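Subject: The structure, and what I found in it

Hi there,

Here is the structure I promised to pass on to you. Have a look at it first, and then read on for my notes.

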Amino acid sequence: MGLFDGKRGLVFGVANKNSIAWGIAQALHQEGAELGFSYAGQVLRKRVIPLAESIGSTFVEECDVTDDLAIDRLFAQAQDHFGTLDFLVHSIAYAPREELSGRFVDTSREGFRTALDVSCYSLVALARRAYPLMPHGGAILTMTYYGAEKVTPNYNVMGVAKAALEATVRYLAWDLGKHRIRVNAISAGPVKTLAAAGVAGFRKSLHYVGQVAPLGNITQQDVGNAARFLLSPWADHITGQVLYVDGGYNIMGAPDPEVMGELTG
Ligand code: NAD
């Protein structure tokens, strides 16, 4: 018996095998979930199809989340394929590369708009189409980062987008609670993925967090395990929350003096 036997859901945001969304998908599949995948752009198709096939998934459709008609089309296809849904995973973020280095004060209007549209508004857009397909209730999960709360140099406008995303989780949790749909976020520690590589200095941050966090660096499997909990009946009355899966990094006020020594020489 799997925790997700008979449950169906959509996963947005698999780009390749390193994607956090893929870690989540694997964890859900291990518990018997039936999954559909949506990817952004034809370039990713050849990566996502074999991954989906490897876990017996036949629903793999393109959808650019900045395009309302594409989202409408995707949900119509999902309704035809699945009938109803039990969960949705939103693991999507984007900001133009030039916004992810240097000074936040130099953020362009267009860069700000794009980051907030792709990384935050898309959750609203997907939730609005998903909830009518969840007549028996359900769960929605998104991915955030500590840069929403504390300044993380180079993360810049993405930190602002994640702050908006975390507030969006709370407002959606209120609205959709009436439909017995829960909405939560996981705040993950750094994981080496395509999106992460776009943030200047990522490799150094990864190393630093690995030294500072009580449990060191995390993996996409760690996120998958927490996602499995938040999307399952075990989290039945948990909504509007941000759960840290960051090896405990967020509790630290200062690094171990040994690590400080490494930094200061
Ligand atoms: P990733 O590059 O594997 O995934 C990002 C996904 O966003 C890709 O699949 C990409 O195709 C998709 N995407 C971008 N623009 C899109 C659009 N217009 N329409 C549809 N999809 C679009 O990287 P990841 O690290 O797995 O990122 C997944 C989520 O996890 C993101 O929200 C990211 O901010 C968050 N996160 C990542 C880390 C990390 O260190 N990797 C830490 C905390 C949170």
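Which element gives the largest share of the shell around the ligand? The answer is α6, which supplies three residues. Before going further, please keep in mind that this is a predicted model, so every value below is computed from the predicted atoms.

**The ligand and its surroundings**

The shell around the ligand holds 28 residues, and Ser19, Ile20, Lys162, Val191 and Thr193 come nearest. By residue type, the shell divides into 20 nonpolar, six polar and two charged.

Three polar contacts to the ligand may interest you at the bench:

- The side chain of aspartate 64 has an N or O atom 2.9 Å from a nitrogen atom of the ligand.
- Lysine 162, named above among the residues that come nearest, places a polar side-chain atom 2.8 Å from an oxygen atom of the ligand.
- Alanine 195 takes part through its backbone, with an N or O atom 3.0 Å from an oxygen atom of the ligand.

How much of the ligand's accessible area does the protein cover? On its own the ligand has 810 Å² of accessible area, and the protein covers 90% of that. Two elements give two or more residues each to the shell, namely β5 (138-144) and α6 (194-197).

**Salt bridges**

As general background, side chains of opposite charge can pair when their charged atoms come close. Searching the whole structure turns up seven salt bridges. Here are some of them.

One of the seven joins glutamate 34 to arginine 8, with 3.7 Å between the closest N and O atoms. Glutamate 34 belongs to strand β2 (residues 34-39) and arginine 8 to strand β1 (residues 8-12), so this pair ties together parts that are 26 residues apart in sequence. Are these two residues buried, partly exposed or exposed? Glutamate 34 is partly exposed, at 39% relative accessibility, and arginine 8 is also partly exposed, at 27%.

Another salt bridge brings together the side chains of arginine 129 and aspartate 68, at 3.4 Å from N to O. This pair links distant parts of the chain, since arginine 129 sits in helix α4 and aspartate 68 in helix α3 (residues 68-82), 61 residues apart. Arginine 129 counts as buried because its relative accessible area is 14%, under the 20% cut-off. Aspartate 68, at 40% relative accessibility, is partly exposed. In space, the C-alpha atom of arginine 129 is separated by 14 Å from that of valine 183, which is 54 residues away along the chain.

Aspartate 106 and arginine 103 also meet through their side chains in a salt bridge, at 3.0 Å from N to O. Arginine 103 is exposed, with a relative accessible area of 55%, whereas aspartate 106 is partly exposed at 49%. Elsewhere, salt bridges with shared partners join Asp68, Asp72 and Arg129 into one network.

**Arginine 228**

Is arginine 228 buried or exposed? Arginine 228 is buried, with a relative accessible area of 15%. You will find arginine 228 in helix α8 (residues 220-231). Its side chain makes a polar contact of 3.3 Å with the side chain of glutamine 30.

**On the surface**

Which residues form a nonpolar patch on the surface? They are Phe104, Phe112 and Val160, and together they have about 230 Å² of accessible area. Phenylalanine 112 belongs to helix α4 (residues 109-130), the helix where arginine 129 is also found. With a relative accessible area of 35%, phenylalanine 112 is partly exposed.

Proline 50 is partly exposed too, at 43% relative accessibility, and lies in helix α2 (residues 42-54). Between the C-alpha atoms of proline 50 and valine 14 there are 12 Å in space, while the two residues are 36 apart in sequence.

If you want a place to start in the viewer, try lysine 162 and its 2.8 Å approach to the ligand oxygen, then move on to the network of Asp68, Asp72 and Arg129.

Best wishes

Terms used
Residues are numbered from 1 along each chain as its sequence is written. This is a predicted model: local features need pLDDT of at least 70, side-chain atom pairs count only at pLDDT 80 or more; totals for chains, interfaces and linings use all residues. Side-chain values use heavy atoms; hydrogens and water are left out. A residue is near a molecule or strand if one of its heavy atoms lies within 4 Å of it. A polar contact is a pair of N or O atoms within 3.5 Å; within protein, one must be able to donate a hydrogen and the other to accept it, and residues adjacent in sequence count only if both atoms are side-chain atoms. Accessible areas come from the Shrake-Rupley method with a 1.4 Å probe; for residues, only the protein chains shown count as cover. Helices (H or I, at least four residues) and strands (E, at least two) are DSSP runs, numbered from the N terminus. Ala, Val, Leu, Ile, Met, Phe, Trp, Tyr, Cys and Pro count as nonpolar, Asp, Glu, Lys and Arg as charged, and the others, Gly among them, as polar. Patches are made of residues with over 30% relative accessible area and no salt bridge: like charges are joined within 9 Å, nonpolar side chains (Val, Leu, Ile, Met, Phe, Trp, Tyr) within 5 Å. A salt bridge is a side-chain nitrogen of Lys or Arg within 4 Å of a carboxyl oxygen of Asp or Glu. Buried means under 20% relative accessible area, exposed over 50%, partly exposed in between (1.4 Å probe, protein chains only).
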